[in-house]
Each structure stands twice: as C-alpha cells, then as structure tokens.
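Biologist: I'd like to go through this model with you and ask how each label was earned. Could you show it to me?

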Amino acid sequence: MSSDTLAKVATAPPPDDPAALPDTPRIVPRPRAGQWAAAALVLILLALAANSVIRNEAFQWGLVADYFTSASVLRGLWLTLWLTAVVMVLGFGLGTLLAMGRLSGNPVLRTVSWGYVWFFRSMPILVQLLFWFNIGALYPEVFGVRTVNLMGPVTIAVVGLTLHEAAYAAEVVRGGILSVDRGQIEAAQSLGLGRWRRWRRIVLPQAMRSIVPPAGNMLIGTLKGTSIVSVIAVQDLLYSVQLVYHRTYQVIPLLMVATLWYVVVTSVLGVGQYYVERHYARGSERVR
C-alpha cells in the first residue's frame, strides 16, 4: 500500500462521525398527540375534582382543622398505632413459626401449620372478632376467672387481629425463604457454616428482599384494618370520631379527620418501606 493511500486512511473521519455521513436521514420522534391529549384530560379532571372538594362547603374544612388535633382524636390515633405495632410484631412472630412448620420435614408440624393457615385465611376478620367477643358464651370461666373479665375489647382485638395476621405472615415468610437459591445453602453447608450462621448470613438477608415488600403492604393493611375493631367498641381512631359525630351530627368533617390521619400515617409508612427495601436490595440490580 502506498504512502498516499495510508495518509488518506489515517485522515479519514471515523464512521460514527455525523459529519462523515451527510446523507444519513435524521431520526425524528414520532408525535404522540394521543398521549398528550390523554394527559391533558386527566389533569383537567383532577383539577375539577380538587376544586370541587376544596370549595364544597359541606366538607366544613374549618371544623376539620379544629378536630384534627383534638384530644379524643389523638387518643384514638395512639391506640390505632399501638394496636398496629403489637399485631404486626405478634403476627409475624407467630407467622414465622408457622412458616418454619410448613417447611419442616415433620409431617405433623407441616400439616398443623397448613391447617392453621387454611382456617384463618378462610374466616373473615369481622366474623372472627365477633366470635372472640362472644367467647364467654362457650367458656364462661378460664382457670377460675370469668372470661368477660379476662378478655376486654382491646385484648379481643389483639387476639383476633394477631391470629388473622399470622396466617398471611406465614405465607409471606415462607415465600421469602423459598426464594433463596438452594445451591447457596448447600454451598454454605459445604463450608462448614452452622445452621444459625447459614440463616443469619445467607438465607435471611436474601429472603428479606422478597419479604419486605409484602410485609410493608401488610403493615399498611393492618393499620387500616384496625378500624374494624370499632364494631366491638374499641376506641381506635374511627371509633373516636364516631363518638364525636354521634353527639354533634357533623359526620362528614369527622370522617375527613379520620381519613386525613390514615393518609398521613400510611404515607409515612410508605416512605419507611421504600428505605427498608432499598437497604435490603443493596448489591442487586433493584437498587434505585
């Protein structure tokens, strides 16, 4: 090859240089008029809905602001938060034992755990609470103590919600454990790691990636589900506002107070869930 040819090759512009391809057609994004029209329609509808809510005098936003931080409402909110925390801790504790029973090689433990999950997932929570509320008709006394004195409304709410929550928590925990690759557990066994260290260092961190999202949803669901205990006269957030509007007949403002508190708390829990998921997703492609 001659020196002139080499010089031309050396000075030739790279093939990916736009200036070297003057005849290449320019790529123009396809217009998306339909999407923009749909977005505009949605924004208009949201604006109309917000305007109707804000300017509707029936909501009585002044009364909503007055009752939002009232003592009775805050007491009900505190009981709702306490009940949610207790039920989640006890429910996931019992659910973890049930999940281990379902994964056990013992046929008795496996069958009993399966039967528990099947039974309590089949029974509506309202029916269960009413059943426990009337447990005195079946067992008037337990260990010489009258049942009506042993199980008050708050205790009944804790027992009923915990038994219900444990059935779902068991499936969440079991699914998280099964999501861990069996080969990693076998590799840990080959390295001589004990059972506890395998669970703590290998199984649990990976299982939590699958457990945390549904567990967060269960936490929010439990928070809202505690409102059902108002049927057995537990003075949670909903029952507290009901006591007020039964006296003042200001139903809509008081229901808005309860609604706004539920929105605030669930939003905070949602933010917490995001960061917990992000923590357990470290080292995976799902980190954002």
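Modeller: Gladly, and please keep in mind that this is a predicted model. Let's begin with a side chain: a polar atom of the Thr 162 side chain lies 2.6 Å from the backbone oxygen of Val 158.

Biologist: What makes that pair of Val 158 and Thr 162 a polar contact?

Modeller: The cut-off for such a pair of N or O atoms is 3.5 Å, and the distance here is 2.6 Å. Thr 162 itself is found in helix α8, residues 153–178.

Biologist: Is Thr 162 buried or exposed, and how do you know?

Modeller: Thr 162 has 9% relative accessibility, and buried means under 20%, so Thr 162 counts as buried. Leaving out residues up to four places away in sequence, Thr 162 touches Val 87, Leu 90 and Gly 91.

Biologist: What is the overall secondary structure of the protein?

Modeller: The protein has 12 helices and 2 strands. Along the sequence the pattern reads α-α-α-α-α-α-β-β-α-α-α-α-α-α. Of its 288 residues, 32% count as buried. Its accessible surface comes to about 18,700 Å², with 66% of that belonging to carbon and sulfur atoms.

Biologist: How many of the contacts join residues at least 24 apart?

Modeller: Taking contacts between residues at least 6 apart in sequence, 75% join residues at least 24 apart.

Biologist: Why is the pair of Glu 171 and Arg 102 called a salt bridge?

Modeller: The limit is 4 Å between a side-chain nitrogen of Lys or Arg and a carboxyl oxygen of Asp or Glu. For Glu 171 and Arg 102 the closest N and O atoms are 2.7 Å apart, so the pair qualifies. The two partners come from distant parts of the chain, Glu 171 in helix α8 and Arg 102 in helix α4 (residues 71–102), 69 residues apart. Setting aside neighbours within four places in sequence, Arg 102 also has contacts that include Arg 110, Ser 113, Trp 114 and Val 117.

Biologist: How do you know that Arg 121 also forms a salt bridge with Glu 171?

Modeller: Their closest N and O atoms are 3.8 Å apart, and the cut-off is 4 Å, so this pair counts too. This pair also links distant parts of the chain, with Arg 121 in helix α5 (residues 107–122) and Glu 171 in helix α8, 50 residues apart. Arg 121 has 42% relative accessibility, which lies between 20% and 50%, so Arg 121 is partly exposed.

Biologist: What makes Glu 171 and Arg 174 a pair, and where do they lie?

Modeller: Their side chains meet in a salt bridge at 3.0 Å, N to O. Both lie in helix α8, 3 residues apart, or about one turn of the helix. Salt bridges that share partners join Arg 102, Arg 121, Glu 171 and Arg 174 into one network. The count for the model comes to 3 salt bridges.

Biologist: How do you know that the length of helix α12 agrees with what is expected?

Modeller: Helix α12 has 30 residues, 251–280, and at 1.5 Å a residue it should span 44 Å; its end C-alpha atoms are 43 Å apart, which agrees. Among the buried residues of α12 are Trp 261, Tyr 262 and Gln 273.

Biologist: Why is Leu 48 called exposed?

Modeller: Exposed means over 50%, and Leu 48 has 54% relative accessibility, so the label fits. Leu 48 sits in helix α2, residues 33–55. Together with Leu 41, Ile 44 and Leu 45, Leu 48 makes a nonpolar surface patch of about 410 Å².

Biologist: Why is Ile 228 called partly exposed?

Modeller: Ile 228 has 22% relative accessibility, and buried would need under 20%, so Ile 228 is partly exposed. Its place is in the loop between α10 (195–225) and α11 (237–248). Beyond its neighbours within four places in sequence, Ile 228 is in contact with Ile 125, Leu 126 and Leu 129. The C-alpha atoms of Ile 228 and Leu 126 are separated by 7.1 Å, though the two residues are 102 apart along the chain.

Biologist: What is the phi of Ala 233, and where is this residue found?

Modeller: Ala 233 has a positive phi of about 65° although it is not a glycine, and it is found in the loop between α10 and α11. Phi of Tyr 249 is also positive, near 65°, and Tyr 249 lies in the loop between α11 and α12. With 70% relative accessibility against a cut-off of 50%, Tyr 249 therefore counts as exposed.

Key
Residues are numbered from 1 along each chain as its sequence is written. This is a predicted model: local features need pLDDT of at least 70, side-chain atom pairs count only at pLDDT 80 or more; totals for chains, interfaces and linings use all residues. Side-chain values use heavy atoms; hydrogens and water are left out. Patches are made of residues with over 30% relative accessible area and no salt bridge: like charges are joined within 9 Å, nonpolar side chains (Val, Leu, Ile, Met, Phe, Trp, Tyr) within 5 Å. Accessible areas come from the Shrake-Rupley method with a 1.4 Å probe; for residues, only the protein chains shown count as cover. Helices (H or I, at least four residues) and strands (E, at least two) are DSSP runs, numbered from the N terminus. Buried means under 20% relative accessible area, exposed over 50%, partly exposed in between (1.4 Å probe, protein chains only). Contact means heavy atoms within 4.5 Å. A polar contact is a pair of N or O atoms within 3.5 Å; within protein, one must be able to donate a hydrogen and the other to accept it, and residues adjacent in sequence count only if both atoms are side-chain atoms. The expected span of a helix is 1.5 Å times one less than its number of residues.
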